[in-house]
Amino acid sequence: MGNVADGLPGAPSGVPQGDVLMEAVDVSLAFGGVRALSQVSFQVRRGELFSIIGPNGAGKTSMVNCISGRYSPTEGRILFKGRDITRLRPSARAELGLGRTFQNLALFGHMTVLDNIMVGRHNQLRNNFLTGPLYWFGGARREELEHRRQVEEIIDFLEIQHVRKAVAGTLAYGLRKRVELARAVALKPDLMLLDEPMAGMNLEEKEDMARFIIDLNEEWGMTVIMIEHDMGVVMDISHRVMVLDFGRKIAEGGPEDVMAHPRVRQAYLGEEAA
Amino acid sequence: MAGATMRPCGDFRTSYRADTTIFDDRFSRNSVIVGIVLLALAPIVLPEVFDAYWMNMFIQIGYLSIAALGLNILVGFTGQISIGHAVFFGFGAFASPFINSNTGIPVVLCVPLAGVMTAAVGLLFGVPAARIKGLYLAIATLAAQFILEDFFSRAEGFTGGVHGATANPMSFFGYDIYTDREYFYVVLVFVIVMFLGATNMMRTRDGRAFVAVRDHYLSAEIMGVNLTKYRVMSFGVSSFYAGVGGALYAHYLGFVSIEAFNILFSIQFLGMIIIGGLGSVMGSLMGTAFMVFLPEAMDALSRAVAGGWLDRALNLQSGINNLREMAIGAAIVLFLIFEPDGLAHRWRQIKAYWKLYPFSY
């Protein structure tokens with residue numbers, strides 16, 4: 001744990017100075033002739049709430065996809081907990097402690113909310129295709145119920161008790177976003193990647209979500225990398241911010257410093273404003 | 001929990017254990033148990049009604065539904081289309097007598113062993129699933145259909161070639177089972193065990209992983225589900241069920257012909273799970289029962305109208321066999337249009353209706 005915010009909840013009061021949890025080293029990603037990322041390097045320390053911002057098409061999601069394993073960088077390396085994970089399967093990264101949510105909803109539409117979240121426990125559960133069918137014998141039931149109890153804590157935390165038995169595909173957008181976060185939390189990740197957790201939400205839902213993210217960071221001790229377009233939220237809750245533009249890193253630092261950076265103003269507001 | 005009321009509207013669970021039971025409430029659990037007991041008692045109490053004909057029907061539904069359940073795990077739960085299920089059923093049907101006659105292991109143990117052997121073959125033919133999906137995978141399973149069919153006709157040591165294989169009757173450590181009525185109980189036990197196993201699998205880790213792969217494979221992978229492993233494993237589990245079903249079929253008939261396991265049979269398995277309900281354990285049983293009874297019903301119908309005005313008008317005598325085949329095709333089409341979620345979904349709706357009866361609001 002880095003710091004506990006003083007004063008208003010979530011007000012960043014200094015950057016946590018934990019050890020380096022995740023590091024991107026000169027990461028480049030090209031799709032044919034399109035360079036989505038060019039030589040992007042950054043470090044995220046344990047306990048940080050780190051935001052990636054930038055205009056549309058800047059490569060934010062590509063960066064997160066490189067970390068979670070969806071894309072494989074053309075050049076460069078991704079280090080997680082000091083280990084090179086550049087060529088690791090996404091499922092193996094989950095096992096190492098990487099969790100993420102998606103920009104476009106990616107729930108298991110025909111499963112109940114509860115089952116969706118239980119899938120997040122996949123790597124922590126030990127029952128398999130032999131002990132699972134035997135359920136009552138061999139401990140599968142005991143284990144499932146134990147994890148169910150832990151999943152209920154996540155459900156309580158994210159305030160989705162009322163929909164736990166609902167089929168995920170039938171839920172309203174804001175709730176689905178929350179269920180997706182719950183599913184990622186169930187992984188107990190050390191590093192949580194949030195791809196636009198507040199996109200398409202109204203003010204009240206955004207406030208709720210911001211509070212959840214702060215709680216995850218401060219109370220659950222998760223390091224968070226977040227992509228978000230809402231500048232108000234980013235400036236309020238982030239410890240550090242990185243700005244991408246056309247696949248290049250143009251600034252990194254505390255929220256205020258980044259906003260004052262001339263190239264950031266240029267990227268967001270156009271040439272004249274610079 | 002539910003007390004004396006039949007279907008309580010407010011059912012409050014006080015433990016996670018009570019919240020993860022197979023059946024929603026005590027009433028539906030007890031109904032199923034009573035149903036199974038009645039089914040088991042039927043041939044004893046009413047031997048005139050439940051004669052050899054009905055026993056034959058029930059046994060057929062039994063072994064076919066086990067295989068159909070396997071296909072449902074693959075197609076309905078994991079979302080991988082297979083159009084070669086019949087050859088895995090066939091492989092089990094040859095494997096069990098083969099093990100039995102070569103090693104002398106009692107038949108009752110050969111049945112699960114044949115399942116394991118078929119699972120190994122299924123895993124082998126499931127390997128393409130690691131790389132391809134959708135229609136392309138369906139074509140790859142078609143290859144399994146033709147390769148194994150050819151294998152059956154060539155591997156004379158295993159299948160007896162064109163002469164077919166003979167299977168010993170079911171035996172329990174010295175006690176042989178010859179009559180349909182006794183065999184019915186054997187199949188009943190296998191059906192209960194296999195269906196409970198599948199139900200349990202679907203509420204534990206690997207079953208959820210299958211459904212996750214089906215619903216959204218990208219996020220399943222991010223959640224830590226090894227896609228390759230589960231896609232191939234689904235073939236293994238599915239083939240295990242097919243093998244057990246096939247073994248029960250072999251020891252029931254006593255003779256296995258290499259021609260039985262053609263592509264039409266594979267399509268019939270698909271028909272069973274589509275009619276029953278993709279992604280539903282009980283639907284596999286309902287769909288199989290439907291597919292077994294439909295031709296019988298069509299036969300009965302054609303006998304009833306034979307010689308009548310309708311018969312003369314449609315000239316049915318010449319086309320009575322076509323009518324059976326057409327009925328199966330029509331049933332699949334009608335189900336796809338009017339009840340794509342199958343009989344299982346219809347059953348759930350009936351239950352929901354009666355839960356609130358007579359106040360359906």
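## A walk through chains A and B

Start by selecting Ala182(A). Leaving out residues up to four places away in sequence, Ala182(A) touches Ile117(A), Ile154(A), Ile155(A), Leu158(A) and Ile160(A). Keep in mind as you click around that this is a predicted model.

Now widen the view to the core. The largest nonpolar core has 171 residues, and Ala182(A) is among those that touch the most other members. The others in that group are Val224(A) from chain A, plus Ile66(B), Ala67(B), Tyr241(B), Val244(B) and Leu248(B) from chain B. As background, nonpolar side chains tend to be buried together in soluble globular proteins.

**Stop 1: the six-stranded sheet of chain A**

Select the strands in the order E6-E7-E8-E3-E9-E10 of chain A, and you have an open sheet with mixed pairing. Its edges are E6 (98–101) and E10 (248–253), each of which pairs on one side only. Look along the sheet for its twist: on average, neighbouring strands are turned by 15° against each other, direction ignored.

Next, zoom in on E3 (residues 49–53) and E9 (residues 240–245) of chain A. These two strands run in the parallel sense and pair over four bridges. To find the register, pick Ser51(A), which has Val241(A) of E9(A) standing opposite.

Add the helices that lie on these strands. Helix H7 (residues 203–218) of chain A packs on the sheet and touches E3, E7 and E8 of chain A, its direction making about 150° with that of E8(A). Then show helix H1 (residues 60–68) of chain A, which lies across E3, E6, E7 (191–195), E8 (223–227) and E9 of chain A. H1(A) runs at about 150° to E7(A).

**Stop 2: the four-stranded sheet of chain A**

Move on to the strands in the order E2-E1-E4-E5 of chain A, an open sheet in which the pairing is antiparallel. Here the edge strands are E2 and E5 (83–84) of chain A, each pairing on one side only.

Which strands form a hairpin with two residues between them? Select E1 (residues 20–31) and E2 (residues 34–45) of chain A: E1(A) and E2(A) form that hairpin, pairing in the antiparallel sense over eight bridges. Check the turn for Gly32(A), which has a positive phi of about 60°. For a landmark on the ladder, take Met22(A), whose bridge partner in E2(A) is Val44(A).

E1(A) also pairs with E4 (residues 75–80) of chain A, again in the antiparallel sense, over five bridges. Click Ala24(A) and you'll find its bridge partner in E4(A), Ile78(A).

**Stop 3: where chain A meets chain B**

Turn on both chains. How many residues of chain A are in contact with chain B? There are 33, facing 26 residues of chain B. On the chain A side, the elements giving two or more residues are helices H2 (90–96), H3 (113–119), H4 (131–134) and H5 (140–157). H5(A) gives the largest share, five residues. Colour the chain A side by class and you get 16 nonpolar, 10 polar and seven charged residues.

**Stop 4: two helix crossings in chain B**

Hide chain A and select H3 (residues 52–77) and H12 (residues 263–276) of chain B. Their axes come within 9 Å and cross at roughly 75°. H3(B) and H12(B) are therefore roughly perpendicular to each other. From H3(B), show Ala67(B), Ala68(B), Leu71(B), Asn72(B), Val75(B) and Gly76(B), which meet Phe269(B), Met272(B) and Ile273(B) of H12(B). This contact has seven nonpolar, two polar and no charged residues.

For the other crossing, pick H9 (residues 205–215) and H11 (residues 227–253) of chain B, whose axes come within 10 Å and cross at roughly 105°. That makes H9(B) roughly perpendicular to H11(B). Here Ala209(B), Phe210(B) and Val213(B) of H9(B) meet Leu227(B), Tyr230(B), Arg231(B) and Ser234(B) of H11(B). The classes are five nonpolar, one polar and one charged.

**Last stop: His85(B)**

Finish with His85(B) in helix H4 (residues 85–103) of chain B. Is this residue buried or exposed? His85(B) is buried, having 32 other C-beta atoms within 10 Å. Setting aside neighbours within four places in sequence, the contacts of His85(B) are Ala67(B), Leu71(B), Ala242(B), Ser266(B) and Phe269(B). You have already met Ala67(B), Leu71(B) and Phe269(B) in the contact of H3(B) with H12(B). Finally, draw a distance from His85(B) to Phe261(B): their C-alpha atoms are separated by 8.9 Å, although the two are 176 residues apart along the chain.

Notes: Residues numbered from 1 in each chain as written. Chains lettered and ligands numbered in written order. Predicted model: local features only at pLDDT ≥ 70, side-chain atom pairs only at ≥ 80, totals over all residues. Contact = placed C-beta atoms within 7 Å. Nonpolar A, V, L, I, M, F, W, Y, C, P; charged D, E, K, R; others polar. Axes fitted to C-alpha atoms, helices over the stretch in contact; angles between N-to-C directions. Parallel < 35°, antiparallel > 145°, perpendicular 65-115°, else oblique. Core = buried A, V, L, I, M, F, W, Y, C linked by C-beta atoms within 7 Å. Buried ≥ 20, exposed ≤ 12 C-beta atoms within 10 Å, placed from the backbone. Pairing = 2+ DSSP bridges.
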